[in-house]
Amino acid sequence: MTTHKDIYILGIESSCDDTSAAIIHNGKKLSNVVANQEVHKAYGGVVPELASRAHQQNIVPVVQQAIAQAGIDKEQLSAVAFTRGPGLMGSLLVGTSFAKSLALGLNIPLIEVNHMQAHILAHFIEDEAQTIPNFPFLAMTISGGHTQIVKVNHHFDMEVIGHTIDDAVGEAFDKSGKMLGLPYPAGPIIDKYAQEGNSTAFPFPKPKVPGLDFSFSGFKTSVLYFLQKQQKQDPDFIAKHLKDICASIQHAIINILMDKLKKAVKETGIKEIAIGGGVSANSGIRNALKQGESSYGWTTHIPKFEYTTDNAAMIAIVGYLKYLEGDFTDQSITAKARFSI
Ligand code: KG4
Ligand code: ZN
């Protein structure tokens, strides 16, 4: 019998407005602590300066909690993995500096992680609540900050084949919701109302974007004009038709995503599909993927919600995969706000 070496990876994520730390042990999650920054709610979006300060406040207690919850001592850590980018520079600097210092202090390897790769590789966390995709597969990362379709040949052999040329899909949900008077983030609320509304009540035009790229800014404008026009005729239009409006908006957004995904399947011949990012919680996209399974023979993978929004377990699993390959980084590394896959 071969003896199995215990590998414990600490992951640190601080690219946007969540401070997170997690421990992965041989591919399995022991802890995944996320401190959400409530401070941004009043502004209806993330304020970078406030995010950096909140990270600085949260990072030490969050890491301590992740280690304690995992039931290990920091001396047992094999390596420290951190988000190098992409993200907000001030936010990234907090996690990067902390990770470098800790790795130096403990005299263990440091591992840089690309946040967008991590959203995809989150599927490789061994957890009975999710399934691991087979290579090659198509990954669609959809959140408040990202909208991408990526062809994944292997863990670290990825190619972005489509991305948004303006807003992210989560922004399309959140900004439409703001026009309806819903609080931020509006995505989950639109989803809830949509399930009780008529999705064909109000048709919205589809943006014409070539290839596999996305655009949501024109969609946002069409929602605005539609609401303005209707409210001129009836000032209570939104209140009277909220569920139907939400269902119609969601239907239109999901159609935009699914059109491109179907096109990507056609162009690549790959029918194995994994989604990630906060918007993958949406009931419309989940139903559409299920339909893809029955109608087109797709195999789809939806991650556990915990691993789909920004979190450090996804950073730690990438750390683990890189640790197995001996892919370490040196102490001169710097954060990178723009960082492609
Ligand atoms: O991944 P995430 O937590 O953070 C980043 O943006 O990186 O994603 C948050 C986004 C927000 O735009 C939120 O409105 C959206 O995900 N979201 C949803 C749902 N749950 C979260 N959008 C539509 N339907 C949902 N059920
Ligand atoms: Zn993200």
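1. Which residues point one way from S1, and which the other way? Tyr-8, Leu-10 and Ile-12 point to one side of the strand, while Ile-9, Gly-11 and Glu-13 point to the other, and all are buried. The model under discussion is a predicted one. Strand S1 comprises residues 8-13 and is mostly covered, with 6 of its 6 residues buried.

2. The pairing of S1 deserves a joint reading with its partners. With strand S2 (residues 18-25), S1 pairs in the antiparallel sense over 6 bridges, and the two strands form a hairpin with 4 residues between them. With strand S4 (residues 79-85), S1 pairs in the parallel sense over 4 bridges. Ile-12 illustrates both pairings: its bridge partner in S2 is Ala-21, and its bridge partner in S4 is Phe-82.

3. The domain assignment of the protein gives domain 1 as 8-124 + 308-325 and domain 2 as 137-302. The C-alpha centres of domain 1 and domain 2 lie 28 Å apart. Across the boundary, 19 residues of domain 1 are in contact with 19 residues of domain 2.

4. A further sheet is open and has 5 strands, in the order S8-S7-S6-S9-S10, with mixed pairing. Its edge strands are S8 (157-163) and S10 (299-301), each of which pairs on one side only. On average, neighbouring strands of this sheet are turned by 25° against each other, direction ignored. Helix H7 packs on the sheet and touches S6 (137-142), S7, S8 and S9 (272-276). The direction of H7 makes about 160° with that of S6.

5. At one edge of this sheet, strand S7 (residues 147-154) and S8 pair in the antiparallel sense over 6 bridges. Within this pair, His-154 stands opposite Asp-157 in S8.

6. How far apart should the ends of helix H7 be, at 1.5 Å a residue? The helix has 32 residues (residues 237-268), so a span of 46 Å should result, and the end C-alpha atoms are 44 Å apart, which agrees. The helix nevertheless contains a kink of about 60°, centred on Lys-243. Both values should be read together when the geometry of H7 is described. Just after H7, Gly-269 takes a positive phi of about 75°.

7. Gly-276 is placed in strand S9. Is this residue, Gly-276, buried or exposed? Its relative accessible area is 3%, which means that Gly-276 is buried, the cut-off being under 20%. Leaving aside residues up to four places away in sequence, Gly-276 touches Met-140, Thr-141, Ile-142, Pro-303 and Thr-308. Gly-276 and Ile-24 are 252 residues apart in sequence, and their C-alpha atoms are 19 Å apart in space.

8. Gln-117 is found in helix H3 (residues 115-121). With a relative accessible area of 10%, Gln-117 also counts as buried, because this value is under 20%. Not counting residues up to four places away in sequence, Gln-117 touches Phe-156, Met-158 and Ile-341.

Key. Residues are numbered from 1 along each chain as its sequence is written. Chains are lettered from A and ligands numbered from 1 in the order in which they are written. This is a predicted model: local features need pLDDT of at least 70, side-chain atom pairs count only at pLDDT 80 or more; totals for chains, interfaces and linings use all residues. Side-chain values use heavy atoms; hydrogens and water are left out. The expected span of a helix is 1.5 Å times one less than its number of residues. The bend at a residue is the angle between axes fitted to the seven residues ending there and the seven starting there. Buried means under 20% relative accessible area, exposed over 50%, partly exposed in between (1.4 Å probe, protein chains only). Contact means heavy atoms within 4.5 Å. Two strands pair if DSSP finds at least two bridges between them. Axes are lines fitted to C-alpha atoms, for helices over the stretch in contact, and angles run from 0 to 180 degrees between N-to-C directions. Domain bounds come from an automatic or database domain assignment.
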